[in-house]
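Trainee: I am new to this structure, and I would like a close look at a single part of it. Please choose one residue, explain the terms you need, and then connect that residue to its surroundings.

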Amino acid sequence: MVKIFFTAIMVFYGIVTILSVVAYNAFFVRLHPKSAQTTPGNYCYQRLQHRLPREELDIASGDNQLRGYLYSTSNPYGLVVLCHGFHNGADDYLPVIEHFVTNG
């Protein structure tokens, strides 16, 4: 009787686990890697440093020192400042940065 009870519990938990995985996959869409040429998050500066040189900057903010990068262009129309959030890093915005630098 005890073996039947534990077997039933294990079958129940197995079914619940399978249903949970199926429901999770149905409700939450997976993000697949996209082209590194167009999608932020797949870039690494070393891959394009030959065509997008940058200068490192230290910026004082109260008691903190912030690290930044300056990308120069030969014919600038102005200055664009990009600030990434907690999740992203500076390299995640390289496609956007490259677009602005290329277009002055």
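Mentor: Before any residue can be placed, one term has to be clear: helices and strands here are DSSP runs, of at least four residues for a helix and at least two for a strand, and they are numbered from the N terminus. With that in hand, the residue I would choose is E98, which lies in helix 2. Please keep in mind throughout that this is a predicted model.

To see where helix 2 belongs, it helps to step back to the whole protein chain, which has two helices and two strands; read from the N terminus on, these elements follow one another in the order α-β-β-α. The chain holds 104 residues, and 14% of them count as buried. Among contacts between residues with a separation of 6 or more, 41% join residues that are 24 or more positions apart. The accessible surface amounts to about 8,900 Å², and carbon and sulfur atoms contribute 63% of that surface.

Returning to E98, its relative accessible area is 16%, and because buried means under 20%, E98 counts as buried. Once the neighbours within four places in sequence are set aside, the residues in contact with E98 are Y43, L48, R51 and L52. From this list, R51 deserves a longer look, since general chemistry tells us that side chains of opposite charge can pair when their charged atoms come close. R51 and E98 do form a salt bridge, in which the closest N and O atoms are 2.5 Å apart. R51 sits in the loop between helix 1 (2–27) and strand 1, whereas E98 sits in helix 2, so this pair ties together parts that are 47 residues apart in sequence. The two partners also differ in cover, for R51 is partly exposed at 42% relative accessibility, while E98, as we saw, is buried.

The salt bridge of E98 is one of four in the count, and it is useful to set another group beside it. E56 and R67 meet through their side chains in a salt bridge with an N to O distance of 2.6 Å; E56 belongs to strand 1 and R67 to strand 2, and these two residues, eleven positions apart, link distant parts of the chain. R67 also forms a salt bridge with D58, where the closest N and O atoms are 3.0 Å apart, and E56, D58 and R67 are thereby linked in a network of salt bridges. As for cover, R67 is partly exposed, with a relative accessible area of 49%.

Helix 2, the element that holds E98, also leads us to the largest pocket, which encloses about 780 Å³ of space. The pocket is lined by 24 residues, and those closest to its centre are Y69, Y71, V80, V81 and L82. Two or more lining residues come from each of strand 1 (54–61), strand 2 (64–71) and helix 2 (94–102), and strand 2 gives the most, with six residues. By kind, the lining divides into 17 nonpolar residues, six polar ones and one that is charged.

One of the residues closest to the pocket centre, V80, is found in the loop between strand 2 and helix 2, and with a relative accessible area of 46% V80 is partly exposed. V80 and I97 are 17 residues apart along the chain, and a distance of 8.9 Å separates their C-alpha atoms. To return to the residue we began with, keep this picture of E98: a buried residue whose salt bridge with R51 ties helix 2 to the loop between helix 1 and strand 1.

How values were computed: Residues numbered from 1 in each chain as written. Predicted model: local features only at pLDDT ≥ 70, side-chain atom pairs only at ≥ 80, totals over all residues. Heavy atoms only, no water. Buried < 20%, exposed > 50% of the residue type's maximum accessible area, 1.4 Å probe, protein only. Contact = heavy atoms within 4.5 Å. Areas by Shrake-Rupley, 256 points an atom, 1.4 Å probe, with all protein chains shown as cover. 1 Å grid on protein atoms, 1.4 Å probe; cavity = no way out; pocket = protein on both sides within 12 Å on 5 of 7 lines; lining within 4 Å. Points joined across faces, edges and corners; volume = space filled by probe spheres on them. Nonpolar A, V, L, I, M, F, W, Y, C, P; charged D, E, K, R; others polar.
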